[in-house]
Amino acid sequence: MGITTSTPSNLVVGAGNVLRATEDLGASEAANVFKIDRSYFTPDLNGVPGGLMATDFVQSEEATLATSLAEISTETLASQWPGSAVGTGGGDTPWPTDEVRFGGAVRLAEEAYEDWELVVPGTVNEFGFFVENAINLGSITASAEDKANMKTPLELHSRWNPADLTQSPHGFRISALA
């Protein structure tokens, strides 16, 4: 296709900001990755040497937003730990809250799932990558090293809302910069 007159408006440069439930948690750092994983079922049909067009069925779909928060606070640390809150148990220390235990397992309350978005300004447009009803399934980590900012990585996975299984809990948006 090559370069066109719309090329400058389609460029995305920079790391962006991380939002949780529309609250700006600050700048992201390092690589940001947004992906949608799908699994498919294609029936084997007699006489057809491979998959037949228009017979593929989506069986499952999950989006992952992997990012790192560059700004460290009790709020950003608590955001990594599903089911925790700031100020309960140790001053400003994130602490587990509404957990329901079944044997040795812990079921997280509905409040542990939140809407997240990575907002990246382009040259002309703003790009948003969102995962709704998401939960951090990555390790709870704070990474520090010489000559680098401390960062806390997030691996946010979207979850489907049982009240509306027709509304996808992930996607992206492109809008003009304000």
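Is Phe 129 buried, partly exposed or exposed? In this predicted model, Phe 129 has a relative accessibility of 23% and so counts as partly exposed, the buried class being kept for values under 20%. Phe 34 also falls in the partly exposed class, with a relative accessible area of 21%.

These two residues belong together in another way. Two aromatic pairs were counted in the model. In one of them, the ring centres of Phe 34 and Phe 129 lie 5.5 Å apart and the planes meet at 40 degrees, so the pair is tilted. Because Phe 34 sits in strand E3 (residues 33–41) and Phe 129 in strand E10 (residues 125–136), the contact ties together parts of the chain that are 95 residues apart in sequence.

Strand E3 also takes part in a pair formed by Phe 41 and Phe 57. Here the centres are 6.3 Å apart, with 35 degrees between the planes, and this pair is tilted too. Phe 57 belongs to strand E4 (residues 57–69), and 16 residues separate the two partners, a link between distant parts of the chain. As for solvent access, Phe 41 is partly exposed at a relative accessible area of 41%, and Phe 57 is likewise partly exposed at 48%.

Turning from rings to open space, the second largest pocket has a volume of about 190 Å³. Its lining is made up of Glu 110, Tyr 113, Asn 133, Arg 159, Trp 160, Asn 161 and Pro 162. By character, the lining of this pocket comprises three nonpolar, two polar and two charged residues. Tyr 113, Trp 160 and Pro 162 are the nonpolar members, while Glu 110 and Arg 159 are the charged ones.

How values were computed
Residues are numbered from 1 along each chain as its sequence is written. This is a predicted model: local features need pLDDT of at least 70, side-chain atom pairs count only at pLDDT 80 or more; totals for chains, interfaces and linings use all residues. Side-chain values use heavy atoms; hydrogens and water are left out. Rings of Phe, Tyr and Trp (its six-membered ring) pair if their centres lie within 6.5 Å; planes under 30 degrees apart count as stacked, over 60 as edge-to-face and the rest as tilted. Helices (H or I, at least four residues) and strands (E, at least two) are DSSP runs, numbered from the N terminus. Buried means under 20% relative accessible area, exposed over 50%, partly exposed in between (1.4 Å probe, protein chains only). On a 1 Å grid over the protein atoms alone, a cavity is a set of points where a 1.4 Å probe fits but cannot get out, and a pocket is an open set with protein on both sides within 12 Å along at least five of seven lines; lining residues have an atom within 4 Å of a point. Grid points are joined across faces, edges and corners, and a volume is the space filled by probe spheres set on the points.
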